[in-house]
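Visitor: Please take a close look at one part of this structure with me, and go slowly, since I am new to reading models. I would like one connected account that follows a single place and then whatever leads away from it.

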Amino acid sequence: MTKALSISQLHKTYGNGFKALKGIDLSVNEGDFFALLGPNGAGKSTTIGVISSLVSKTEGEVSIFGLSLDTDRVAAKKQLGVVPQEFNFNQFEKVFDIVVNQAGYFGIERSVAMKSAEKYLRQLGLWEKRDNPARMLSGGMKRRLMIARALVHEPKLLILDEPTAGVDIELRRSMWQFLQEINAEGTTIILTTHYLEEAESLCRNVAIIDHGTIVENTSIKALLKTLNRETFILDTREAMTNDPIVEGYELACIDSHSMEVDIEKGQSLNELFAVLSDKGIHVVSMRNKANRLEELFVNLVAGRKSVKEGNEQ
Amino acid sequence: MTIQEQWIALLTILRKEIRRFTRIWVQTLLPPVITMSLYFVIFGALIGQRIGQMDGFDYMSFVVPGLIMMSVITNSYSNVVSSFFSAKFHHSIEELLVSPTPNYIILSGYVLGGVARGLTVGFVVSMIAMLFADIPFHSVGVTVAIVALTSVLFALAGFINALFASTFDDISIVPTFVLTPLTYLGGVFYSISLLPEFWQGVSQLNPVLYMVNAFRYGMLGISDIHIGVAFTGVGLVTVALFITALTLLNRGTRLRS
Ligand SMILES: Nc1ncnc2c1ncn2[C@@H]1O[C@H](COP(=O)(O)OP(=O)(O)O)[C@@H](O)[C@H]1O
Ligand SMILES: [Mg+2]
């Protein structure tokens, strides 16, 4: 299958010596709706910066639809539309001009550019505002203006960096719907977010980035399943010779006096202990197995809660 | 990108640049016109009468070419320096950096924008000057060629200034401490033959002197320096600045982290 994006061993060390990316490997299939998920400072924007030629890489390879940024940068750029995290248009320019000019920078003839700009400004509900200077738009409108600008040259890959940060719930839903529509029409979409919920409602596949490395790269379904499961380590008084069989649980011995068990969140443990006692096995202590992904998400969720609930500690 | 696509990109940048300075014409076009009109009234009509002739022309006619050149220089420079620096400062330059537009087109677009403003101001100021002075236009070819070349040169210099600048102060330092002194001492207001020999020599190191004199030659037919030398020098500096600006742009100096 064609890869819309493939990144291998990408490293980025900033001028001040800070290592923001430490060997990222990532590949996104054509047609996918992909989430790059990670806490603040993980390296999401840096990764997108490299893909969009705004940040120079230190090491590694990036290609867009098989076109390498090293050897085919011009062709690669034509396949790509980017919606950055921060507003980056001239606030005094008119909405319509911003979108039409962007098409011009892609070498699209003005009459064609104007039609394309109209199409996307209408779809994003900005057509009425076309003659306003960009600074007169609300935050959500500015975000949508950047989406229209990113799409005006009809890229096959659209990357959005935290597109719904600071956008209210209502608008967020309509933006999600718009993105789902253009994905259904064939545009590959990658978005970064630090909301698991957003990735969950939109995306099929996900990569999780933390401290400049990819921690996990899987489907959303598999991720949710992993997150919904806890692993416990049980220490037993009696020595065990082989894995005890308990229906409904997956047990695995670690050594003669301890075993590992996966428990769905909310599943009762009483039954497990009862069956084990019947078999003459007594559990003397029990602890959680540390799971980096789990910890990451506890942090993500905690971070989100404290944002939502204001100054609660 | 094909040549056709590059041409479209160039026109897009140029159109945007022209829109920018016409949209804020009160800040960009009006002030030089007012300043120059004041110069004409004061130096030409009021003080000029007392100064008498310079190089065989009345002082007003002598000073007009210098003043026009001065406004072309400042406006070409400041258009590019402020437009490109604000694009960098507000990150709208990223619109171009993510696009396939090659760097030499980006550079040419901004430079032509500066030239458009420099020449527009130069033209308006010339029209006003005609009301005050009698200009014989010795050689229209030389006049147009030198003013265009000078405008390109200073637009390029403004671009390089903007590339290195990281604060708004950085874009006013060069105009204040370099450009203004060079222009005022570049034979705008006097013929260097009035200076002691030593200062004549020093003046010849000032590039603005060559531009002003070549321009004055085009308008009046008089010059302190050789016209061929002026064109060669200005041409070489322009090429050097273009190569410098393009190299910096290719390296992504102060544009890409
Ligand atoms: N220009 C820069 N110079 C130095 N460090 C930077 C620069 N930009 C980002 N960083 C650092 O790199 C890390 C990753 O940043 P970023 O990619 O913006 O993270 P994210 O988008 O995931 O929040 C952060 O620690 C940030 O402080
Ligand atoms: Mg970010």
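**A close look around Lys44(A)**

Guide: Let us begin with two residues of chain A, for Glu162(A) is buried, and Lys44(A) is buried as well. Please keep in mind throughout that what you see is a predicted model. The side chains of these residues meet in a salt bridge, in which nitrogen and oxygen are 3.7 Å apart. Because Glu162(A) sits in the loop between β7 (157-161) and α6 (169-184) of chain A, while Lys44(A) belongs to helix α1 of that chain, the pair ties together parts that are 118 residues apart in sequence.

Lys44(A) also leads us to a ligand, since the residues surrounding ligand 1 include Gly41(A), Ala42(A), Gly43(A), Lys44(A), Ser45(A) and Thr46(A). Farther back along the chain, Tyr14(A), Asn16(A), Phe18(A) and Ala20(A) are also among the residues around ligand 1. If you ask which element gives the largest share of this shell, it is α1(A), with 3 residues. Several polar atoms can be picked out here: a polar side-chain atom of Tyr14(A) lies 3.4 Å from a nitrogen atom of ligand 1, whereas Gly41(A) places a polar backbone atom 2.7 Å from an oxygen atom of the ligand. Gly43(A) likewise uses its backbone, with an N or O atom 3.0 Å from an oxygen atom of ligand 1. Taken alone, ligand 1 exposes 560 Å², and the protein buries 66% of that area.

One residue of this shell, Ser45(A), has a further partner, because the magnesium ion, ligand 2, is coordinated by the OG atom of Ser45(A) and the OE1 atom of Gln85(A), at 2.0 to 2.2 Å. Ser45(A) lies in helix α1 (residues 44-51) of chain A and Gln85(A) in the loop between β6 (80-83) and α3 (95-105), so the pair ties together parts that are 40 residues apart in sequence. Ser45(A) has a relative accessibility of 31% and therefore counts as partly exposed, and Gln85(A), at 28%, is also partly exposed.

The salt bridge where we started is part of a wider set, for the structure holds 10 of them over all chains. Another brings in chain B, where Glu5(B) forms a salt bridge with Lys78(A), the closest N and O atoms being 3.1 Å apart. Glu5(B) lies in helix α1 (residues 3-23) of chain B and Lys78(A) in helix α2 (residues 73-78) of chain A, so this pair joins two chains. Glu5(B) counts as buried because its relative accessibility is 18%, which is under the 20% cut-off, while Lys78(A), at 27%, is partly exposed.

Helix α1 of chain B offers one more link, since the side chains of Asp97(A) and Arg19(B) meet in a salt bridge at 2.9 Å between N and O. This pair crosses between chains, from helix α3 of chain A to helix α1 of chain B. Here Asp97(A), at 14% relative accessibility, counts as buried, whereas Arg19(B), at 38%, is partly exposed.

Farther along chain B, an unreviewed UniProt entry places "transmembrane region" features, residues 105-133 and 225-249 among them. In the model, residues 105-133 are 97% helix and 0% strand, with end C-alpha atoms 40 Å apart, and residues 225-249 are 92% helix and 0% strand, with end C-alpha atoms 35 Å apart.

Technical notes. Residues are numbered from 1 along each chain as its sequence is written. Chains are lettered from A and ligands numbered from 1 in the order in which they are written. This is a predicted model: local features need pLDDT of at least 70, side-chain atom pairs count only at pLDDT 80 or more; totals for chains, interfaces and linings use all residues. Side-chain values use heavy atoms; hydrogens and water are left out. Donors are N, O and S atoms within 2.8 Å of the metal (3.2 Å for Na, K and Ca); water is not among the atoms, so sites may look incomplete. Helices (H or I, at least four residues) and strands (E, at least two) are DSSP runs, numbered from the N terminus. Buried means under 20% relative accessible area, exposed over 50%, partly exposed in between (1.4 Å probe, protein chains only). UniProt positions are given in the numbering used here, feature names are shortened, and annotations may be inferred rather than shown by experiment. A salt bridge is a side-chain nitrogen of Lys or Arg within 4 Å of a carboxyl oxygen of Asp or Glu. A residue is near a molecule or strand if one of its heavy atoms lies within 4 Å of it. A polar contact is a pair of N or O atoms within 3.5 Å; within protein, one must be able to donate a hydrogen and the other to accept it, and residues adjacent in sequence count only if both atoms are side-chain atoms. Accessible areas come from the Shrake-Rupley method with a 1.4 Å probe; for residues, only the protein chains shown count as cover.
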